[in-house]
2 protein chains.
Amino acid sequence: MQKGRPREFDKEQVLDKALHVFWERGYEGTSLSDLTEAMGINRPSLYAAFGNKEELFRQALDRYAEKGPGAVYREALAEPTAKAVVERLLKSSADCLTDPANPPGCLAVQGALSCGDAAESIKQELCQRRARVEQELRLRFERAKAEGDLGRESDPESLARYVMTVMQGMSVQAAGGASRADLHAVADMALRGLAAAES
Amino acid sequence: MQKGRPREFDKEQVLDKALHVFWERGYEGTSLSDLTEAMGINRPSLYAAFGNKEELFRQALDRYAEKGPGAVYREALAEPTAKAVVERLLKSSADCLTDPANPPGCLAVQGALSCGDAAESIKQELCQRRARVEQELRLRFERAKAEGDLGRESDPESLARYVMTVMQGMSVQAAGGASRADLHAVADMALRGLAAAES
DNA sequence: CTATATCGGTACCAATCAGTACATATATAG
DNA sequence: CTATATATGTACTGATTGGTACCGATATAG
């Protein structure tokens with residue numbers, strides 16, 4: 001065991017609390033007072049454990065991508081066919097974005113869509129994360145095309161961008177109060193379109 | 001003419017400047033210093049002419065909806081057929097969201113997607129505006145259905161929500177750096193899907 | 001002309017922001 | 001036991017937030 005007085009809180013546990021606050025209020029909309037109150041620790045403990053507000057956000061984002069909704073995306077990519085990937089992706093998004101246990105919408109979309117100078121680097125980080133997911137999806141579609149699972153005339157890049165666009169739109173819809181059923185209807189409509197476009 | 005010293009700036013002109021700043025940085029990300037600097041007036045003049053930050057935002061939003069991109073939406077709704085409405089809506093959105101003269105994306109989406117307590121009422125205002133546009137679109141589709149322009153099995157509500165979802169997703173894409181061509185490809189894909197779903 | 005009403009600019013307000021100095025408390029290492 | 005290392009809580013920092021009091025300037029009304 002290490003020297004010194006031991007920490008009196010569970011780091012992952014309070015990180016989840018911070019994640020929840022950032023998710024709900026965005027990066028700029030969250031103050032350190034909001035964070036310390038929700039996390040149940042005081043300011044110097046927060047700084048000692050997580051660095052500063054920006055680093056805390058990044059750690060919360062990592063957790064979001066790893067244990068939270070991000071895990072759902074990775075599972076979807078593992079589906080055997082492109083069609084199954086998209087279906088799983090859209091359906092899971094509809095569920096996840098409206099999960100009553102979490103704030104509505106997606107942290108990677110709402111965390112810092114537009115912001116002042118101070119949050120600029122956070123905004124760019126979120127852009128990169130979204131772009132990375134889009135690229136992973138594109139790669140998955142390219143594989144599907146190579147496997148003959150998608151037609152020769154299909155365009156993996158446009159397809160990936162389109163699916164991302166629908167998911168991101170669903171996030172805005174969720175933030176506006178759309179229900180799980182509403183989003184499932186959107187997902188169905190997008191899926192019908194894709195199935196038709198493929199044939 | 002009225003008594004007193006006349007205002008030395010054009011109200012609409014400086015309101016456009018304010019609109020631009022809010023559009024780029026969002027409501028919370030914009031400080032009064034940002035505004036006065038961009039508008040070229042000092043603080044008391046701003047308060048005398050526009051009330052306060054929140055009222056200024058609302059007036060900028062009205063202008064956005066009236067003279068800005070909002071006008072494009074109204075034009076699209078006037079198209080003769082549902083298909084033409086959607087096509088015009090998506091294509092115009094792609095152009096508008098990536099117009100180099102404006103910040104990328106849509107003010108009604110990025111202005112305050114998630115935020116702290118102070119901006120809560122702005123967030124709700126934006127939600128209501130988005131919902132109102134969605135409802136206008138739904139009404140347009142209901143008319144199209146009554147006119148036989150849309151099939152009997154079509155669902156105007158889901159259709160409207162789907163189109164709004166795509167447009168809102170395109171706004172997120174634009175904020176992330178997507179080009180006009182990128183968004184046109186998305187629009188084409190959404191349109192192909194709808195055409196197929198209709199048949 | 002004088003009286004009145006509004007505008008513009010300086011210089012301020014209290015509240016809040018993110019971040020920290022410092023003293024005290026509590027653990028291990030020897 | 002003592003020495004050391006880390007955590008906690010109070011109370012603070014300077015900078016910035018949105019918002020104003022006040023005064024001189026500039027217009028019209030009579």
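This passage covers the DNA contacts, the cavities and the cysteines of a predicted model.

The model is predicted, so local features need pLDDT of at least 70 and side-chain atom pairs count only at pLDDT 80 or more, while totals for chains, interfaces and linings use all residues. Residues are numbered from 1 along each chain as its sequence is written, chains are lettered from A and ligands numbered from 1 in the order in which they are written, and side-chain values use heavy atoms, with hydrogens and water left out.

DNA strand C has 25 residues around it. A residue is near a strand if one of its heavy atoms lies within 4 Å of it. Leu32(A), Tyr47(A), Arg5(B), Glu8(B) and Asn42(B) come nearest. Of the atoms of DNA strand C that come within 4 Å of the protein, 70% belong to sugar and phosphate. Several polar contacts (pairs of N or O atoms within 3.5 Å) were computed. A polar backbone atom of Leu32(A) is 2.7 Å from a phosphate oxygen of DNA strand C. The side chain of Asn42(B) places a polar atom 2.5 Å from a phosphate oxygen of this strand. Arg5(B) instead meets a base oxygen, with a polar side-chain atom 3.0 Å away. α3(A) supplies the largest share of the surface near DNA strand C, 3 residues. Helices here are DSSP runs (H or I, at least four residues), numbered from the N terminus.

DNA strand D also has 25 residues around it. Those that come nearest are Arg5(A), Glu8(A), Asn42(A), Leu32(B) and Tyr47(B). Sugar and phosphate make up 68% of the atoms of DNA strand D that come within 4 Å of the protein. A backbone N or O atom of Glu8(A) lies 2.9 Å from a phosphate oxygen of DNA strand D. Tyr47(B) has a polar side-chain atom 2.7 Å from a phosphate oxygen. A side-chain N or O atom of Arg5(B) is 3.0 Å from a base nitrogen of DNA strand D. Two or more residues each come from α3 (43-50) of chain A and from α2 (32-39) and α3 (43-50) of chain B. α3(B) gives the most, with 3 residues. The surface near DNA strand D has 8 nonpolar, 9 polar and 8 charged residues. Ala, Val, Leu, Ile, Met, Phe, Trp, Tyr, Cys and Pro count as nonpolar, Asp, Glu, Lys and Arg as charged, and the others, Gly among them, as polar.

The protein holds 3 cavities of 30 Å³ or more. A cavity is a set of points on a 1 Å grid over the protein atoms alone where a 1.4 Å probe fits but cannot get out, and lining residues have an atom within 4 Å of a point. The largest cavity has a volume (the space filled by probe spheres set on the points) of about 170 Å³. Its lining counts 22 residues, with Glu28(A), Ser114(A), Glu28(B), Gln110(B) and Ser114(B) nearest the centre. α1 (11-29) of chain A and α1 (11-29) of chain B each give two or more of them. The second largest cavity holds about 40 Å³. Its lining includes Tyr64(A), Cys96(A) and Cys106(A). α6(A) gives the largest share, 3 residues.

The structure holds 0 disulfides (pairs of cysteine sulfur atoms within 2.5 Å) over all chains. For Cys106(A), the nearest cysteine sulfur is that of Cys96(A), 7.9 Å away. Cys106(A) is buried (under 20% relative accessible area), at 10% relative accessibility. For Cys127(A), the nearest cysteine sulfur is that of Cys115(A), 9.0 Å away. Cys127(A) is buried too, at 17%.

Note on methods
1 Å grid on protein atoms, 1.4 Å probe; cavity = no way out; pocket = protein on both sides within 12 Å on 5 of 7 lines; lining within 4 Å. Polar contact = N/O pair within 3.5 Å; in protein donor to acceptor, adjacent residues only side chain to side chain. Buried < 20%, exposed > 50% of the residue type's maximum accessible area, 1.4 Å probe, protein only.
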